[in-house]
Amino acid sequence: MTFVIDLDAERREVQYPHGIPVLLRGEQFIFPAEIPADCLDPLFTEELDLMGVLGDIVNAEDGSTTTGEVVEMLFRRPQLPARFYGAVKDIYLALLGEETYREFKGVRPSIGDYVRLTKALVAVYGVDLGKLFRSADSSASDGEMSSPTSAGTTSSTPEGSGSVQDSPASSASDD
């Protein structure tokens, strides 16, 4: 049997069977090969209100938001930077577990370390938060349609396909 979606297909665990090794200040930390979905939960709390900030940006009057407007939105939420930093630490705690996270904090990662490591993990995990938060109407494209990936393929339907079948099980009903 063939599946349209095969979630058991080869995954990142094959490339990183023992996890994703990260070196920080001479210490090695192993992150899971696949990011558990619930690790992102800290980003979606009401206290953080990240969706509210993104909603304000999307709903800006003229459709474009300047840096000054974003800064103004942040000043209306003075607790946001600390809560966001807390959410990032909660994500690392969920990824590493309590003991390893305690060791991770013990090497005293800087904010720059968190930023660089987060960017690198996002690339390895393939998580694009921009795509998660994109508005529904942004998926429309004014660009050209894509072309087939195989030069020798001109038709994906074999000859004879769609012809009348002789089998009674495949006959159509005229209701």
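A salt bridge here is a side-chain nitrogen of Lys or Arg within 4 Å of a carboxyl oxygen of Asp or Glu. Arg77 and Asp56 meet that condition, with N to O at 3.0 Å. The model is a predicted one.

**Overall layout**

The chain has 7 helices and 2 strands. Their order from the N terminus is α-β-β-α-α-α-α-α-α. Of the 175 residues in the chain, 21% are buried.

**Salt bridges**

The structure holds 4 salt bridges. Three of them are listed below, each with its N to O distance.

| Pair | N to O distance | Separation in sequence |
|---|---|---|
| Asp113 and Arg25 | 2.8 Å | 88 residues |
| Asp49 and Arg77 | 3.2 Å | 28 residues |
| Arg77 and Asp56 | 3.0 Å | 21 residues |

Arg77 sits in the loop between α3 and α4, and Asp56 in helix α2. Asp56 counts as partly exposed, at 30% relative accessibility. Arg77 also bridges to Asp49. Asp49 belongs to the loop between β2 and α2. Arg77 is buried, with a relative accessible area of 14%. Asp49 is partly exposed, at 32%.

Asp56 has another residue to note in its surroundings. The C-alpha atoms of Glu69 and Asp56 are 9.7 Å apart, with their positions 13 residues apart along the chain. Glu69 is in helix α3 (residues 67-75). Its relative accessible area is 32%, so Glu69 is partly exposed.

The remaining pair in the table joins helix α6 to the loop between β1 and β2, through Asp113 and Arg25. Asp113 is buried, at 12% relative accessibility. Salt bridges with shared partners place Arg25, Asp113 and Arg116 in one network.

**Helix α6**

Helix α6 covers residues 111-125, 15 residues in number. From first C-alpha to last, α6 reaches 20 Å, close to the 21 Å expected at 1.5 Å a residue. Which residues of α6 are buried? They are Asp113, Tyr114, Leu117, Leu121 and Tyr125. Seen down the axis of α6, the buried residues fall within an arc of 95°, so they line one face of the helix. The face turned away from that buried side carries exposed Ile111, Arg116, Lys119 and Ala123. Just after α6 comes Gly126, with a positive phi of about 75°.

**Aromatic cluster**

The structure holds 7 aromatic pairs. The rings of Phe29 and Phe104 have centres 5.3 Å apart and planes at 85°, so the pair is edge-to-face. Phe29 lies in strand β2 (residues 27-31) and Phe104 in helix α5 (residues 98-106), so the pair ties together parts 75 residues apart in sequence. Phe29 is buried, with a relative accessible area of 3%. Phe104 is buried too, with 1%.

Phe104 also pairs with Tyr114. Their ring centres are 5.8 Å apart and their planes at 75°, so this pair is edge-to-face as well. The contact ties helix α5 to helix α6, because Phe104 lies in α5 and Tyr114 in α6. Both Phe104 and Tyr114 are buried. Ring pairs link Phe29, Phe31, Tyr85, Tyr92, Tyr101, Phe104 and Tyr114 into a cluster.

**Surface patch**

Val4, Ile5 and Leu7 form a nonpolar patch on the surface. Together they have about 410 Å² of accessible area. Ile5 lies in the segment before α1 (12-15). Ile5 is exposed, with a relative accessible area of 64%.

Notes:
Residues are numbered from 1 along each chain as its sequence is written. This is a predicted model: local features need pLDDT of at least 70, side-chain atom pairs count only at pLDDT 80 or more; totals for chains, interfaces and linings use all residues. Side-chain values use heavy atoms; hydrogens and water are left out. Helices (H or I, at least four residues) and strands (E, at least two) are DSSP runs, numbered from the N terminus. The expected span of a helix is 1.5 Å times one less than its number of residues. Buried means under 20% relative accessible area, exposed over 50%, partly exposed in between (1.4 Å probe, protein chains only). The arc is that of the directions from the helix axis to the C-beta atoms. Patches are made of residues with over 30% relative accessible area and no salt bridge: like charges are joined within 9 Å, nonpolar side chains (Val, Leu, Ile, Met, Phe, Trp, Tyr) within 5 Å. Accessible areas come from the Shrake-Rupley method with a 1.4 Å probe; for residues, only the protein chains shown count as cover. Rings of Phe, Tyr and Trp (its six-membered ring) pair if their centres lie within 6.5 Å; planes under 30 degrees apart count as stacked, over 60 as edge-to-face and the rest as tilted.
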